[in-house]
Amino acid sequence: MSTAAPARPTPLQVDLARHVAEDIVARRYLPGDHLSEETLAAAYKVSRTPVRGALRLLAAQGLITHRPNSGYTVADNAAAGTLLIESAGPTQNELYRRLIDDRASRGLPETFTERELLQRYGAPRSVLAKTLLQLSADGLIEKRKGHGWQFAPSLESAEALSESYRFRMTIECAGLLEPTFRLDRPALARMRAAHEALIQRDDADISATDFFALNASFHELLARFSGNRYILQAVQQQNQLRRLEEHAAFYRDARFVNSSSEHLQIIDALESGDQEWAAQLMRRHLKASLQAS
């Protein structure tokens, strides 16, 4: 079987090749490990055809080797290698990030059609369809009743983002000091475990969606502890509004380790019964996030 890379690999082949390369560098696949089409197709939830193309790309780059009647194995020096491949159009991951960045910078209108995106980004229709599905699943876009798509409501400017953080400093810190505040220790222990698990994960394993979900659930949990329905509603609304900007910020300058460590400090203060110190830590945490945005 030839290991020559196709002249114009499809975006899906490139995406798969990059995922496998990242896993090799992260040593999930070790030198000498056999890479079968069937196993990889199941792992990355695709058919065997694009996997076959991705393996050819990796072999052409020297990250894996092919032997007749034996298949593909990870090369001895693969973990030190890099993958340099250009596709015939943006991959799903690339298009996802470009759409988020362009909307966050207001370079993309709130409403749009698939035809407009095809013309603007030059992505294959299949890649665009999967990207829109992913954005919809992540709560960033929704189908319009008539025609096309629309982005979910978000913070429409840098000024609005700043106002949001200052509002949250007021509301969330006050929530920790409410006379009706009641700590649910088992729920807080589960939140601690989730943060500690995230910090231990490799950067490549953490997506913007994973991080935002944990981040939002942390702030909402503390708002629930306040016992004040209006504080909880305000935090839930802010979580929805900041979803797009938080996703865009994750790719620009991921703060997930620092942010998670700051959350753990707040959890420490609450577990020790010091709500005043937890409120001060919350203000410091939100201020640091604003400065990083």
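This report describes a small sheet and two helices in a predicted model.

## Model and confidence

Residues are numbered from 1 along each chain as its sequence is written. In this predicted model, local features need pLDDT of at least 70 and side-chain atom pairs count only at pLDDT 80 or more, while totals for chains, interfaces and linings use all residues, and side-chain values use heavy atoms, without hydrogens and water.

The average pLDDT (the predictor's confidence in each residue, from 0 to 100) is 86 for the protein, and 90% of the residues score at least 70. Over residues 1-6 the pLDDT is below 50. Where pLDDT is low, the predicted coordinates should not be read in detail.

## The sheet

Helices (H or I, at least four residues) and strands (E, at least two) are DSSP runs, numbered from the N terminus. Three strands form an open antiparallel sheet in the order S4-S6-S5; two strands pair if DSSP finds at least two bridges between them. Strands S4 (111-112) and S5 (141-143) stand at the edges with a single partner strand each, so one side of each has no neighbour in the sheet.

S4 pairs with S6 (residues 149-151) over two bridges. Threonine 111 stands opposite glutamine 150 in S6.

## The helices

Helix H6 (residues 125-137) packs on the sheet and touches S4, S5 and S6, a contact being heavy atoms within 4.5 Å.

Residues of H4 (residues 92-104), including Leu95 and Leu99, meet residues of H6, among them Val127 and Leu128.

Definitions and conventions: Axes fitted to C-alpha atoms, helices over the stretch in contact; angles between N-to-C directions.
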